[in-house]
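Biologist: Mind walking me through a few spots in this model? I'd like the reasoning as well as the final values.

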Amino acid sequence: MAEEINNAEQQAPQFQIQRVYTKDISFETPNAPAIFQKEWQPEIKLDLDTRSDKLADDVYEVVLVLTVTTTVGDETAFLCEVQQAGIFSIGNMPDAQMAHTLGAFAPNILFPYAREAVSNLVNRGTFPPLNLAPVNFDALFAQYVQQRASEAANGEAQA
């Protein structure tokens, strides 16, 4: 009985956070101090990207890249880039579940850290507060998977 429980525990999917850290960070105000004299009607653009690397057996690094570009008129007010990373132990997962874990679940864990870093950098730049809205990485990942399936189907149809 105890042996069956041990086998079941060894076969169960495993996920553990080893470390969350800031990999790279930058903040630029290319038009300061003149930009502070402009009427503050910003246009904010947010770019998101994720990538993952296998570091060892069942150990992965996931990096969430946030780039916030804010313009006023045709001038850049600030450019903020944050690469928030984490090292995760992930084991006993089928490929589809592993892809979801690396592409959506881990970025969901990293996003609050990146969001706080962006907010702090914008505050230090003395700009009005910027609080990024939550991101649904599950929906983004599902959209990505659907797009890849559609591209694969189109590729087969053309072949």
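Modeller: Sure, what follows is a short round of questions and answers on a predicted model.

Biologist: Is S89 buried or exposed?

Modeller: S89 sits in strand β4, which spans residues 75–91. Its relative accessible area is 17%. The cut-off for buried is under 20%, so S89 counts as buried.

Biologist: Which residue has a side chain joined to that of S89 by a polar contact?

Modeller: Let's start with the wider list: leaving aside neighbours within four places in sequence, S89 is in contact with Q14, F15, Q16, Q18, D58 and V59. For the polar contact between side chains, the distance is 2.6 Å and the partner of S89 is Q18.

Biologist: D58 is in contact with S89, so how accessible is D58?

Modeller: D58 is placed in the loop between β2 and β3. Its phi is near 65°, a positive value in a residue other than glycine. As for accessibility, D58 counts as partly exposed because its value lies between 20% and 50%, at 42%.

Biologist: And T126, is it buried or exposed?

Modeller: T126 also isn't a glycine, yet it has a positive phi of about 65°. It belongs to the loop between α2 (95–124) and α3 (137–158). With the exposed cut-off at over 50%, a relative accessible area of 59% makes T126 exposed.

Biologist: What is the omega of the peptide bond from A32 to P33?

Modeller: P33 is found in the loop between β1 (14–28) and β2 (43–56). The bond from A32 to P33 is cis, with omega near 5°.

Terms used
Residues numbered from 1 in each chain as written. Predicted model: local features only at pLDDT ≥ 70, side-chain atom pairs only at ≥ 80, totals over all residues. Heavy atoms only, no water. Helix = DSSP H or I, 4+ residues; strand = E, 2+ residues; numbered from the N terminus. Buried < 20%, exposed > 50% of the residue type's maximum accessible area, 1.4 Å probe, protein only. Polar contact = N/O pair within 3.5 Å; in protein donor to acceptor, adjacent residues only side chain to side chain. Contact = heavy atoms within 4.5 Å.
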